[in-house]
Amino acid sequence: MMAVQEQRTSNTLEQYIAAVRSVWGDGKDPQLPFKVKTLMEKLFASTRPDDPWMAELIREGKPSRELWRDPDYGFIQMGHVHKQGHGNTPHDHGPCWVVYGAYVTEITKYKRTDDGSQQGIARLEKDRLDRLTAGVVVPYLRGDIHSTNAVQGPGVVFRFLSYDLDKIDRSRYSLESGKIIPVPAR
Ligand SMILES: [Fe+2]
């Protein structure tokens, strides 16, 4: 039998990454998080649950997977499968930004009500509740404090990180005590 040479066509994830790379430039365009948002929305609109790469992500059900780490620009595309109730405490991404897209999760965005004059203390108030249903993508910009909560599960959550969070200093926040908890780079 003759070996069939399979034509390798790029999948929707690869097309999305290629599109992000093509708009990246020097990475400093303030519109970039919104451009990534639009591209991620396109990704979700063009990907079916039974597309092989998405089917694998869902089947494996890993809480966290690095789908792409860009060798030139340093951005990272994460794929998560969160069980119902998975959530985290309020945090920022330091000098970086993040674009979240998901199949049903809630993200609370906070605003600081203090003037920042007390070292290590931040008083937070809920600013906005974003309900990310299928295909909804929301960017959180430099310094935006947010927390996630998987209201239904399992849910696929996409996190586009403008840079590796393990390599930057950032913060978590205690709603109860008002304490700012430093999360230093590893
Ligand atoms: Fe985050």
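An open sheet of five strands runs in the order β1-β2-β8-β3-β6, with antiparallel pairing. The strands β1 (65-69) and β6 (136-140) lie at its edges, and each has a single partner strand, so one side of each is left without a neighbour in the sheet. The model described here is predicted. A further open sheet, made of three strands, has the order β5-β4-β7 and is likewise antiparallel in its pairing.

**The five-stranded sheet**

- On average, neighbouring strands of this sheet are turned by 20° against each other, direction ignored.
- Within the sheet, strand β2 (residues 76-82) pairs with strand β8 (residues 155-161) in the antiparallel sense, and seven bridges join the two.
- His80 has Val157 of β8 standing opposite.

**The helix on the five-stranded sheet**

- Helix α3 (residues 52-60) packs on this sheet and touches β1, β2 and β8.
- The direction of helix α3 makes about 50° with that of β2.
- Of the strands touched by helix α3, β1 is an edge strand of the sheet, while β2 and β8 are paired with each other.

**The three-stranded sheet**

- In the sheet ordered β5-β4-β7, the edge strands are β5 (124-132) and β7 (145-149), each of which pairs on one side only.
- From one strand to the next, the twist of this sheet averages 25°.
- Strand β4 (residues 105-112) pairs with β5 in the antiparallel sense over eight bridges.
- Thr108 has Leu129 in β5 as its bridge partner.

Key
Residues numbered from 1 in each chain as written. Predicted model: local features only at pLDDT ≥ 70, side-chain atom pairs only at ≥ 80, totals over all residues. Pairing = 2+ DSSP bridges. Helix = DSSP H or I, 4+ residues; strand = E, 2+ residues; numbered from the N terminus. Axes fitted to C-alpha atoms, helices over the stretch in contact; angles between N-to-C directions. Contact = placed C-beta atoms within 7 Å.
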